[in-house]
Amino acid sequence: MRKPRRNHSAAFKARVALEAIRGEKTVAEIAAHHEVHPNQVTSWRAQLLENAAAIFGGNALAADGRERIRELHEKIGELTVERDFLGRGARESSPA
């Protein structure tokens with residue numbers, strides 16, 4: 001029989017990832033202690049290292065997010081105008 005899927009909290013993942021970053025134990029030892037797969041420990045460690053800058057530099061990421069939202073709104077407007085134009089042209093040229 002299969003084991004039911006386990007969902008770990010963000011706090012648990014952070015604790016395991018920090019333990020892996022410290023390097024006091026091997027990934028295998030950490031995984032065995034917390035009863036998770038070693039690949040999962042490595043994945044959580046990589047995610048923590050990638051996203052650590054967001055914790056201290058949240059404003060830079062927020063500005064990037066606002067810029068991206070502005071670009072997407074521009075694209076939505078462009079596509080809406082294009083759709084309306086093409087729809088109007090198709091109605092005018094179609095035989096009744």
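In the predicted model, helix α2 has a face turned away from its buried side, and this face carries the exposed residues A32 and H33. The buried residues of α2 are I30, A31 and H34. Seen down the axis of α2, these buried residues fall within an arc of 100°, so they line one face of the helix. The partners against which the buried residues of α2 pack are α1 and α3.

Two of the buried residues of this helix may be described individually. I30 is placed in helix α2. Its relative accessibility is 0%, and I30 therefore counts as buried. When neighbours within four places in sequence are left aside, the contacts of I30 are V16, E19, A20, K25 and V41. By contrast, I30 and N51 are separated by 21 Å from C-alpha to C-alpha, with their positions 21 residues apart in sequence.

H34 also belongs to helix α2, which spans residues 27-34. H34 counts as buried because its relative accessibility is 14%, and the cut-off for a buried residue is under 20%. Residues touched by H34, not counting those up to four places away in sequence, are R6, F12, V16 and E19. With E19 there is also a polar contact, formed between the two side chains at 3.0 Å.

The partner in this polar contact, E19, has its place in helix α1. E19 has a relative accessible area of 16% and is therefore buried. Apart from residues up to four places away in sequence, E19 touches K25, I30 and H34. Both I30 and H34 lie in helix α2.

Helix α1 itself comprises residues 10-22, 13 residues in total. From its first C-alpha to its last, α1 reaches 18 Å, which is close to the 18 Å expected at 1.5 Å a residue. Its buried residues are F12, V16, A17, E19 and A20. These residues cover an arc of only 155° around the axis, and they are therefore on the same side of α1. They pack against α2 and against α3, the helix formed by residues 38-56.

On the face of α1 turned away from its buried side are the exposed residues A10, A11 and R22. One of these, A11, lies in helix α1 and counts as exposed because its relative accessibility is 52%, the cut-off for an exposed residue being over 50%. Between the C-alpha atoms of A11 and A28 the separation is 20 Å, the two residues being 17 residues apart along the chain.

The packing between helices is considered next. Two packed helices are described by the angle between their axes and the distance between the axes. For α1 and α3, the axes come within 8 Å and cross at roughly 90°. These two helices are therefore roughly perpendicular to each other. On the α1 side, the residues that meet α3 are F12, K13, V16, A17, L18, A20 and I21. On the α3 side, V41, W44, R45, L48 and L49 take part. Among the α1 residues in this contact, F12, V16, A17 and A20 belong to the buried residues of the helix.

Helices α2 and α3 pack at an angle of about 105°, and their axes are 8 Å apart. The angle makes α2 roughly perpendicular to α3. In this contact, α2 contributes V27, I30 and A31, while α3 contributes P38, V41 and T42. V41 is thus found in the contact of α3 with α2 and in that of α3 with α1. I30, for its part, is in contact with V41 of α3.

The backbone following two of the helices remains to be described. Most residues other than glycine have a negative phi. After α1 comes G23, with a positive phi near 80°. Just after α2, the positive phi belongs to E35 and is about 55°. E35 takes this value although it is not a glycine. The position of E35 is in the loop between α2 and α3. With a relative accessibility of 59%, E35 counts as exposed, whereas H34, at 14% relative accessibility, counts as buried.

Technical notes. Residues numbered from 1 in each chain as written. Predicted model: local features only at pLDDT ≥ 70, side-chain atom pairs only at ≥ 80, totals over all residues. Heavy atoms only, no water. Helix = DSSP H or I, 4+ residues; strand = E, 2+ residues; numbered from the N terminus. Buried < 20%, exposed > 50% of the residue type's maximum accessible area, 1.4 Å probe, protein only. Polar contact = N/O pair within 3.5 Å; in protein donor to acceptor, adjacent residues only side chain to side chain. Contact = heavy atoms within 4.5 Å. Expected span 1.5 Å × (residues − 1). Arc of directions from axis to C-beta. Axes fitted to C-alpha atoms, helices over the stretch in contact; angles between N-to-C directions. Parallel < 35°, antiparallel > 145°, perpendicular 65-115°, else oblique.
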